[in-house]
Amino acid sequence: MEQLTANVFVETGFRGCNPSFVTTREGVVMIDSPYRPSDAIKWRQEIARRGQVVYQINTEPHVDHWIGNHFFAGSVVAHEGVRQALSSVPAAEIVQRVRDIDPEGLPLMKDYQVKLPTITFAERLHLYLGDHEFVLLNLPGHTASETAVFVPQEKVVFTGDNVFCRVQAFFQE
């Protein structure tokens with residue numbers, strides 16, 4: 001895990017997306033969640049040292065950004081297209097995927113449920129927690145419902161999968 005600012009933490013060592021979180025005086029905002037359940041538990045323990053998750057933001061509907069939602073507290077926030085995509089995914093399909101990607105995490109899937117976004121937006125959403133503003137912008141690219149999250153107080157933007165490093169971007173959708 002890397003600490004980018006006093007309040008911004010990013011994990012680049014997990015398989016799948018790069019989950020991140022921002023600490024505020026009123027709690028933690030996560031951006032995406034770990035792909036592998038065993039990584040989600042490690043990430044949850046790391047976050048708990050700094051506060052309680054209040055919001056989880058998912059930047060897109062691909063599974064490597066939201067499988068871990070189940071393992072965290074907080075309301076899930078995402079583009080309306082993410083909610084629509086997730087609402088048709090059977091939990092059994094996710095459990096099967098975990099068998100392949102994280103056999104050691106399989107016991108964690110006993111009561112697994114797909115955790116849907118409960119707060120959605122179409123073009124832009126301003127979310128406030130503590131003294132931080134989170135500006136969620138729909139920026140289609142990697143997916144039609146791709147979201148960038150700008151945190152002005154930290155001068156940081158989370159780009160989801162619209163920006164890659166040393167990997168060719170996937171724009172098939």
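This is a chat about charged and aromatic side chains in a predicted model.

Biologist: How many salt bridges turn up in the whole structure?

Modeller: A search of the whole predicted model finds 6 salt bridges, and some of them join up, since R36, D39, K42 and D102 are linked in a network.

Biologist: Take D39 and R36 from that network; how far apart are the closest N and O atoms, and are the two residues buried or exposed?

Modeller: The closest N and O atoms of D39 and R36 are 3.1 Å apart, and both residues are buried.

Biologist: What about E46, which residues does it bridge to?

Modeller: E46 meets R49 in a salt bridge with an N to O distance of 2.5 Å, and R50 also forms a salt bridge with E46, with the closest N and O atoms 2.6 Å apart.

Biologist: And why is E46 classed as partly exposed?

Modeller: E46 has a relative accessibility of 21%, so it counts as partly exposed; R50, at 29%, is partly exposed too, whereas R49, at 60%, counts as exposed.

Biologist: Does R50 come up anywhere else, say, over which ring does it lie?

Modeller: R50 lies over the face of F9, at 4.4 Å from the ring centre, and F9 in turn belongs to one aromatic cluster with F14, F21 and W43.

Biologist: Staying with rings, how many aromatic pairs are there in the whole structure?

Modeller: The search finds 4 aromatic pairs. One of them is F14 with W43, an edge-to-face pair with 6.0 Å centre to centre and 80° between the planes. That pair links distant parts of the chain, with F14 in the loop between β2 and β3 and W43 in helix α1, 29 residues apart, and both F14 and W43 are buried.

Biologist: Then there is F71 with Y112; why is that pair called tilted?

Modeller: The ring centres of F71 and Y112 are 6.3 Å apart and the planes stand at 45°, so the pair counts as tilted. F71 lies in the loop between β5 and β6 and Y112 in the loop between α3 and β7, so the pair ties together parts that are 41 residues apart in sequence. F71 is buried at 7% relative accessible area, and Y112 is buried at 4%.

Biologist: Back to charges: what is the nearest side chain of opposite charge to E11?

Modeller: It is K42, which is 9.2 Å away, and E11 is buried yet has no salt bridge.

Biologist: What does the E11 side chain reach, then, and which residues does E11 touch?

Modeller: The side chain of E11 reaches the backbone nitrogen of G13 at 2.7 Å; leaving aside residues up to four places away in sequence, E11 touches M1, N18, P19 and W43.

Definitions and conventions:
Residues are numbered from 1 along each chain as its sequence is written. This is a predicted model: local features need pLDDT of at least 70, side-chain atom pairs count only at pLDDT 80 or more; totals for chains, interfaces and linings use all residues. Side-chain values use heavy atoms; hydrogens and water are left out. A salt bridge is a side-chain nitrogen of Lys or Arg within 4 Å of a carboxyl oxygen of Asp or Glu. Buried means under 20% relative accessible area, exposed over 50%, partly exposed in between (1.4 Å probe, protein chains only). Lys and Arg count as positive and Asp and Glu as negative; His and the chain ends are not counted. A polar contact is a pair of N or O atoms within 3.5 Å; within protein, one must be able to donate a hydrogen and the other to accept it, and residues adjacent in sequence count only if both atoms are side-chain atoms. Contact means heavy atoms within 4.5 Å. Rings of Phe, Tyr and Trp (its six-membered ring) pair if their centres lie within 6.5 Å; planes under 30 degrees apart count as stacked, over 60 as edge-to-face and the rest as tilted. Helices (H or I, at least four residues) and strands (E, at least two) are DSSP runs, numbered from the N terminus. A charge sits over a ring if NZ of Lys or CZ of Arg is within 6 Å of the ring centre and within 35 degrees of the ring normal.
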